[in-house]
Amino acid sequence: MATPVGRIEKEFLLKSLYDEKIPIMYVKDRTEYIFTLDCPAGVELVFRPDRSLGKIKNHSKLALLFNYRGQVVDFNVEVLAQKDELIFCKTPDTLYKNLDRNFLRVDAPSDIKILFTFRGDRYNLAFPKIMEYENMAAEDIMRNFDHKNLIGLMKQIAGLLSNFADGYKIINFKDRKPEAMEERVVSETGKTLFIPSTVGFLPKIDPYPKKRIVTEEIFKRYLETTGIGTTFLDDNIARFLKHKFEDGIYSDAWVPILFHEYVIGYIHIWINKQGRLPFDFGVLDNVYQYAKVLAFALKENGYFDHGKIENEPFAGKVLDISASGLLIACPLGGSLLATLLVDAELTVIIEAPHRTINVIAKIVRRFKDKSAGYLGCRFINMEPEDTRFLFEHLYGRQIDDSDTAFLSGQV
């Protein structure tokens with residue numbers, strides 16, 4: 001995922017652009033231009049293009065990209081003025097690296113139309129809601145479970161939990177709201193509250209690529225929302241753990257049961273017998289899978305059908321597009337934006353002259369400002385012929401040998 005560079009690295013990169021005359025790519029109307037910095041970076045950047053761009057309106061935004069020793073970096077600049085062959089721009093606040101793409105985003109050509117449909121079912125349910133989306137691809141782990149028999153499935157999972165826990169509970173939020181602090185933390189974050197040892201500490205790091213754990217920092221942020229001052233956070237956590245130990249709980253975990261963007265309940269396991277091994281991440285992996293099985297089985301048995309809503313195509317405003325993804329703007333406050341979360345997938349139809357492309361796009365980031373919400377999407381498994389066509393349609397040139405990294409999916 002794109003990450004902003006730090007201040008010192010930003011200054012170094014801007015200096016290198018001038019000192020090493022590094023080419024900077026800009027694409028407009030399917031024409032690729034190369035900029036170079038004409039003087040050292042200051043409060044302004046002065047670019048010299050390799051050919052005339054014609055008149056650019058002041059305050060226009062230009063999306064630029066360069067490659068510094070194998071690291072692709074992009075940034076946006078605001079045009080302040082044009083004079084002779086030079087373009088004067090405001091120095092950007094941020095440069096971005098670790099991109100999901102090697103090619104520049106461009107304005108969507110006027111001769112293409114793009115339609116979106118939420119991939120899979122959409123629901124409006126009366127469960128706690130989080131700002132992430134849980135894919136329901138549980139088929140691979142269902143082989144050892146009979147998801148059609150819910151009572152039998154619950155007994156099977158109970159037997160598996162007893163292999164490493166002294167006690168367990170499986171709680172459904174359908175008929176009750178989260179009340180205990182642990183329930184509120186799990187339901188508000190969608191993450192596992194994991195306490196390996198009540199005489200130790202909350203986890204400081206989350207080892208999972210897609211973060212699953214309520215770390216000490218996340219727990220502190222939750223406590224602050226309840227009105228606890230920053231100077232008292234450590235004492236509150238210490239008392240929280242001490243009370244568990246005094247109640248005879250030596251290892252504890254609260255694992256959410258996730259369905260799409262909803263926390264429908266949780267699995268609580270604990271150890272209250274001395275001498276038993278505390279829970280570790282291997283145990284959490286197992287319980288996490290059981291939670292996925294439960295959610296999948298409930299879906300397959302029609303448990304959520306009452307909340308299913310109509311899934312119609314929509315024409316989001318495409319701000320820019322590359323051959324590997326696009327950026328969509330959606331109105332604030334609408335129900336559509338509320339359901340388009342990170343990791344959700346969209347079916348995308350790109351209608352261009354002489355070709356229609358059908359592809360899946362995954363939402364990889366969300367952000368908003370005062371005017372709209374924005375969704376950064378990455379295309380998934382696009383057909384090579386479609387990739388080639390879209391590339392050539394957007395950039396106005398054929399793919400050459402320098403584009404092999406792009407074609408191999410390293411974008």
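This section describes an open β-sheet, its strand β17, the helix that crosses the sheet, and the pocket and cavities of the structure. The model is a predicted one.

The sheet is open and is formed by 6 strands in the order β9-β18-β19-β20-β17-β16, with antiparallel pairing. Its edges are given by β9 (113-118) and β16 (317-322), each of which pairs on one side only. From one strand to the next, the twist averages 30 degrees. In general, the strands of a sheet pair through backbone hydrogen bonds, in either a parallel or an antiparallel manner.

Strand β17 lies between β20 and β16 in the strand order. Towards β20 (residues 373-380), β17 (residues 325-330) is joined by 6 bridges, and the two strands run antiparallel. Within this pairing, Gly325 has Arg378 of β20 as its bridge partner, and Leu326 stands opposite Cys377 of β20. Towards the edge strand, β16 and β17 are paired in the antiparallel sense over 5 bridges. These two strands form a hairpin, with 2 residues between them. Here Ile321 stands opposite Leu326 of β17. Leu326 thus faces Cys377 in β20 and Ile321 in the pairing with β16.

The position of β17 in the sheet is accompanied by burial along the strand, as 6 of its 6 residues are buried. Both faces of the strand are covered. Gly325, Leu327 and Ala329 are buried on one side, and Leu326, Ile328 and Cys330 are buried on the other.

A helix is also placed against this sheet. Helix α8 (residues 384-395) lies across β16, β18 (345-352), β19 (355-368) and β20. The helix runs at about 70 degrees to β19.

Strands of the sheet also contribute to the largest pocket, which has a volume of about 1,400 Å³. This pocket is lined by 42 residues, and those closest to its centre are Lys61, Ala63, Asn76, Arg105 and Asp320. Two or more lining residues are given by each of β2 (24-28), β5 (61-68), β6 (71-83), β16, β17 and β19. The greatest contribution is that of β6, with 5 residues. By class, the lining of the largest pocket comprises 22 nonpolar, 4 polar and 16 charged residues.

Enclosed space was examined as well. The structure holds 4 cavities of 30 Å³ or more. The second largest cavity contains about 70 Å³ of space. Its lining consists of 10 residues, of which Glu134, Leu258, Ala291, Lys292 and Ala295 lie nearest the centre of the cavity. The elements giving two or more residues to this lining are β14 (251-271) and α6 (281-300). Of the elements involved, α6 gives the most, with 4 residues. The lining of the second largest cavity divides into 7 nonpolar residues, 1 polar residue and 2 charged residues.

Key
Residues numbered from 1 in each chain as written. Predicted model: local features only at pLDDT ≥ 70, side-chain atom pairs only at ≥ 80, totals over all residues. Heavy atoms only, no water. 1 Å grid on protein atoms, 1.4 Å probe; cavity = no way out; pocket = protein on both sides within 12 Å on 5 of 7 lines; lining within 4 Å. Points joined across faces, edges and corners; volume = space filled by probe spheres on them. Nonpolar A, V, L, I, M, F, W, Y, C, P; charged D, E, K, R; others polar. Pairing = 2+ DSSP bridges. Axes fitted to C-alpha atoms, helices over the stretch in contact; angles between N-to-C directions. Contact = heavy atoms within 4.5 Å. Buried < 20%, exposed > 50% of the residue type's maximum accessible area, 1.4 Å probe, protein only.
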